[in-house]
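Here's a quick briefing on the metal site and the charged pairs of one protein. Have a look at the chain below, then read on.

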Amino acid sequence: MAPLLICFMQISFCPARSLVRSSMDANTNSGSSARAERKQQEKAKIIQREKQRQTVKTISRLLQKAEGERTQEDRALLQEHQDTVQELSRRQSRRSLLKRKQEEVFDDAENLKAKVKQLAEELQQAKHVVIYTGAGISTAASIPDYRGPNGVWTQLQKGRSVSASDLSRAEPTLTHMCIWMLHKVKMVQHVVSQNCDGLHLRSGLPRHALSELHGNMFIEVCDSCSPAREFIRLFDVTERTALHRHGTGRLCPHCRAELRDTIVHFGERGTLEQPLNWKGAAEAAQRADLILCLGSSLKVLKKYSCLWCMNRPANKRPKLYIVNLQWTPKDNLATLKIHGKCDAVMGLLMEELGLEIPVYNRSQDPIFSLAKPLSAQEQKSHTREEIAPPSALEDTSQDTQAQGEATAVQGGWFGRGYAKARRKKKTV
Ligand SMILES: [Zn+2]
């Protein structure tokens with residue numbers, strides 16, 4: 001500051017002060033005229049814009065009039081402003097296209113049945129089937145969609161609260177159970193899900209056949225341990241986490257580093273090996289000859305190029321079947337688009353295939369044997385409601401089938417070992 005001050009003082013005591021002043025006056029004069037000119041130009045621009053706005057308004061009003069009602073003068077105006085007429089009609093068609101894309105469309109009963117029959121035939125002939133699932137398969141379980149306008153993530157970002165108890169009370173839907181069955185009878189080889197609700201895992205689908213691309217709300221991991229350690233819980237572990245803030249507040253019992261959730265938010269890149277299982281998803285897509293998309297807008301999935309084999313010529317790509325009520329960006333590439341609710345379509349599909357629709361049974365839910373209990377100090381580390389074990393599990397009666405299903409699901413690093421320990425404990 002000091003040198004600047006000296007400089008000013010020197011100028012004010014300068015002997016050629018009047019000379020400096022007159023040159024400054026000239027500058028001020030030319031400055032003010034330039035400013036006036038700029039002002040004038042700005043004003044002209046504003047008037048022009050306002051005129052344009054009025055024209056658009058008038059033309060738009062005229063276009064809304066029925067042709068027969070337009071006067072001679074109206075017609076002349078429309079003729080005079082052809083450019084505006086064209087721009088308005090372009091805007092109108094963009095708006096109606098957007099509206100059409102958001103509309104829910106339902107195939108009528110007969111059409112739906114015929115389409116499902118075709119899907120059933122294709123499924124029976126296919127050698128490697130992959131299913132991609134989105135929020136639409138969980139809505140029947142009252143799970144709000146995750147990223148939609150009313151989704152969990154969106155609500156939390158807006159600072160609103162979301163009833164977390166609804167999430168832990170949700171159970172696998174008819175669609176989840178049908179997918180489990182199709183995998184069991186080897187008609188489906190892999191499932192790639194965008195849902196974080198953990199319902200595929202809870203339906204009994206083995207981990208190796210599942211890629212949860214956006215994470216699983218019941219799983220927290222230690223990525224300081226190598227390989228990363230996974231802890232499945234009976235409650236939503238994401239209570240304190242958010243975009244770029246994944247620490248759950250609990251510690252890894254092996255290295256004491258903070259555990260993190262597995263959720264992948266918008267704008268984040270999921271790097272965890274499990275439960276994301278990108279390797280499994282990419283391999284499945286490469287081997288697939290049929291891809292069935294269920295209840296996904298595909299707006300996010302379409303960005304993952306490895307899932308669509310787009311590097312191959314069109315006739316070498318897997319056949320694409322899409323079940324969704326709304327438009328998807330892959331519709332024009334689909335062999336068949338089925339407009340129906342997932343549960344309705346899957347119910348018909350099982351009938352066509354002559355397969356029984358399995359009913360979710362809490363006593364066979366693998367999460368109870370996969371879950372790692374909290375230590376005594378950690379009991380109060382969360383406030384979320386826990387998935388209540390069914391009374392059947394608390395009984396000492398051994399349901400051999402239930403145990404068989406549970407141990408068939410491999411939990412991360414502890415999976416089978418933990419299930420064994422639990423059984424041993426029960427028999428004591
Ligand atoms: Zn650790």
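Let's start with Arg207, which counts as buried at 6% relative accessibility (buried means under 20% relative accessible area, exposed over 50%, partly exposed in between, with a 1.4 Å probe and protein chains only). Keep in mind that this is a predicted model, where local features need pLDDT of at least 70, side-chain atom pairs count only at pLDDT 80 or more, and totals for chains, interfaces and linings use all residues. Residues are numbered from 1 along each chain as its sequence is written, and side-chain values use heavy atoms, with hydrogens and water left out.

**Salt bridges**

- What does Arg207 pair up with? Its side chain meets that of Glu230 in a salt bridge, at 2.7 Å from N to O (a salt bridge is a side-chain nitrogen of Lys or Arg within 4 Å of a carboxyl oxygen of Asp or Glu).
- This pair ties together distant parts of the chain, 23 residues apart: Glu230 sits in strand E5, and Arg207 in the loop between helix H9 (199-203) and strand E3 (210-212). Helices (H or I, at least four residues) and strands (E, at least two) are DSSP runs, numbered from the N terminus.
- Glu230 is buried too, with a relative accessible area of 3%.
- Arg260 forms a salt bridge with Asp223, and their closest N and O atoms are 4.0 Å apart. Here the link runs from strand E7, home of Arg260, to the loop between E4 and E5, where Asp223 lies, 37 residues apart.
- Asp223 counts as partly exposed, at 43% relative accessibility.
- Lys337 and Asp331 make another salt bridge, at 2.9 Å from N to O, and Lys337 is buried, with a relative accessible area of 12%.
- Glu87, Arg90 and Arg91 are joined into one network by salt bridges that share partners.
- The full count comes to 18 salt bridges.

**The zinc site**

- Which residues hold the zinc ion? The SG atoms of Cys222, Cys225, Cys252 and Cys255 coordinate the zinc ion at 2.2 to 2.4 Å. Donors are N, O and S atoms within 2.8 Å of the metal (3.2 Å for Na, K and Ca); water is not among the atoms, so sites may look incomplete.
- Along the chain, the donors follow the spacing C-x2-C-x26-C-x2-C.
- Cys225 and Cys255 link distant parts of the chain, 30 residues apart: Cys225 is in the loop between strand E4 (219-222) and strand E5 (229-232), and Cys255 in the loop between strand E6 (247-251) and strand E7 (258-261).
- Cys225 is buried, with a relative accessible area of 11%, while Cys255 is partly exposed at 34%.
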